[in-house]
Amino acid sequence: MRNLEEIGRTGLMVNPIGLGSNAVGGHNLFQNLNDETGKKIVRAAIQNGINFLDSAFIYGMGRSEELIGEVLKESKTRQDIIIATKGAHRIEDGKVIVDNSPKFLRETVENSLRRLQTDYIDLFYIHYPDEGTPKDEAIGTLSRLKEEGKIRAIGVSNFTMDQLTEANKDGNVEVIQAGYNLFKREAENELIPYSAQHQISFIPYFPLASGLLTGKFSKDTMIEDGRSNNPLFQGEAFLQNLEKIELLRTIANDKQADISSIVLAWYLTQATIDTVIPGAKKPEQVLLNIKTLEIELTTEEIQEIDRIFMA
Ligand code: NAP
């Protein structure tokens with residue numbers, strides 16, 4: 001087991017392999033989820049040394065947080081676990097509205113605390129930027145919630161570079177979460193360099209490209225779930241992506257490792273990435289992903305992986 005890493009300058013110490021929990025209770029995001037399996041996934045994570053759970057209100061409109069809260073209660077391990085959650089979504093007349101107003105951020109934090117059955121959230125993110133609220137004002141509200149002890153660290157997610165710059169005017173943003181994986185590397189242009197410059201930890205979501213970067217898909221795989229709408233899984237691009245994954249497979253085979261472990265280990269070689277949060281639909285996937293901690297990539301392997309996916 002690798003040592004715990006600090007998430008940026010937050011003081012939060014986590015296993016470099018966390019658990020993305022959007023398939024824990026995220027019935028609005030994925031079909032055929034089962035709450036009991038969701039709880040088993042969380043238990044598998046905790047029992048195997050994962051101490052960092054990434055949730056959000058929008059994952060099942062609070063259901064993910066509730067299930068995590070239930071598991072933490074049964075094992076009485078709250079103080080050993082670092083919980084990240086996110087808010088910004090408000091339901092009004094059956095519609096989802098994005099709201100970063102100070103009043104709503106306070107309300108959503110209180111609701112998350114209740115669902116998680118805890119009196120503090122380790123890392124709270126504004127999940128999405130809204131149109132109207134000045135971003136420094138939104139972060140100001142989170143700073144006050146931090147002073148009050150309701151949250152321990154401040155994050156933003158899905159912010160553009162301009163929104164991030166505004167949000168971080170007083171230097172209070174500690175974590176950025178954005179989409180990033182070997183196939184989608186736009187964050188390397190601005191967000192990751194900005195994170196490095198401002199001692200902000202960068203946490204990539206979709207690290208496994210929704211499962212594609214595990215190597216389990218082939219050109220004959222019937223894709224019948226939401227992934228059929230994802231351009232990475234469509235047409236010529238899909239075939240080219242599979243070719244890149246085959247090159248990764250050679251590296252993985254040489255190291256007697258899973259492709260997913262090689263991919264996750266590659267992210268962790270970057271200075272601004274302290275932890276990754278692969279999602280899971282089954283407890284077994286959690287066990288596979290934690291095996292990443294056994295992987296040491298050589299400089300040559302790091303460069304080779306970079307080269308495969310730059311092409
Ligand atoms: P991901 O980590 O790229 O892919 C996870 C999916 O890959 C799993 O649900 C599972 O799906 C499959 N998988 C995982 N490990 C595997 C393994 N070892 N072998 C085979 N298949 C495996 O995508 P994600 O879960 O959507 O994203 C990660 C986390 O980021 C989320 O859980 C969530 O916490 C966070 N997130 C945040 C935002 C945001 O706006 N901030 C957006 C999206 C996600 P199947 O079994 O169905 O293949």
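This text walks through the pockets of the structure and the ligand bound there. The model is predicted.

Start with the largest pocket. It holds about 1,300 Å³ of space. Its lining counts 43 residues. Nearest the centre are Asn22, Phe30, Ser210, Arg227 and Lys281. By class, the lining splits into 16 nonpolar, 19 polar and eight charged residues. Two helices, helix 8 (259-268) and helix 9 (283-290), each supply at least two lining residues. Helix 9 gives the most, with three.

Now place the ligand. The ligand sits in this largest pocket. It is surrounded by 30 residues, and Asp54, Leu208, Lys216, Arg227 and Gln285 are the closest. Arg227 thus appears both among the residues nearest the pocket centre and among those closest to the ligand. The shell around the ligand divides into eleven nonpolar, 14 polar and five charged residues. Helix 9 provides the largest share of that shell, three residues.

Look next at the ligand's oxygen atoms. A side-chain N or O atom of Gln285 lies 2.8 Å from one ligand oxygen. The backbone takes part too. A polar backbone atom of Ser21 is 3.3 Å from a ligand oxygen, and a backbone N or O atom of Pro207 is 3.4 Å from a ligand oxygen. On its own, the ligand has 900 Å² of accessible area, and the protein covers 92% of that.

Finally, turn to the second largest pocket. Its volume is about 340 Å³. It is lined by 17 residues, with Gly179, Tyr180, Lys184, Glu186 and Phe206 closest to its centre. This lining comprises nine nonpolar, five polar and three charged residues.

Methods:
Residues numbered from 1 in each chain as written. Predicted model: local features only at pLDDT ≥ 70, side-chain atom pairs only at ≥ 80, totals over all residues. Heavy atoms only, no water. 1 Å grid on protein atoms, 1.4 Å probe; cavity = no way out; pocket = protein on both sides within 12 Å on 5 of 7 lines; lining within 4 Å. Points joined across faces, edges and corners; volume = space filled by probe spheres on them. Helix = DSSP H or I, 4+ residues; strand = E, 2+ residues; numbered from the N terminus. Nonpolar A, V, L, I, M, F, W, Y, C, P; charged D, E, K, R; others polar. Near = heavy atom within 4 Å. Polar contact = N/O pair within 3.5 Å; in protein donor to acceptor, adjacent residues only side chain to side chain. Areas by Shrake-Rupley, 256 points an atom, 1.4 Å probe, with all protein chains shown as cover. Sits in = over half its atoms within 2 Å of the grid points.
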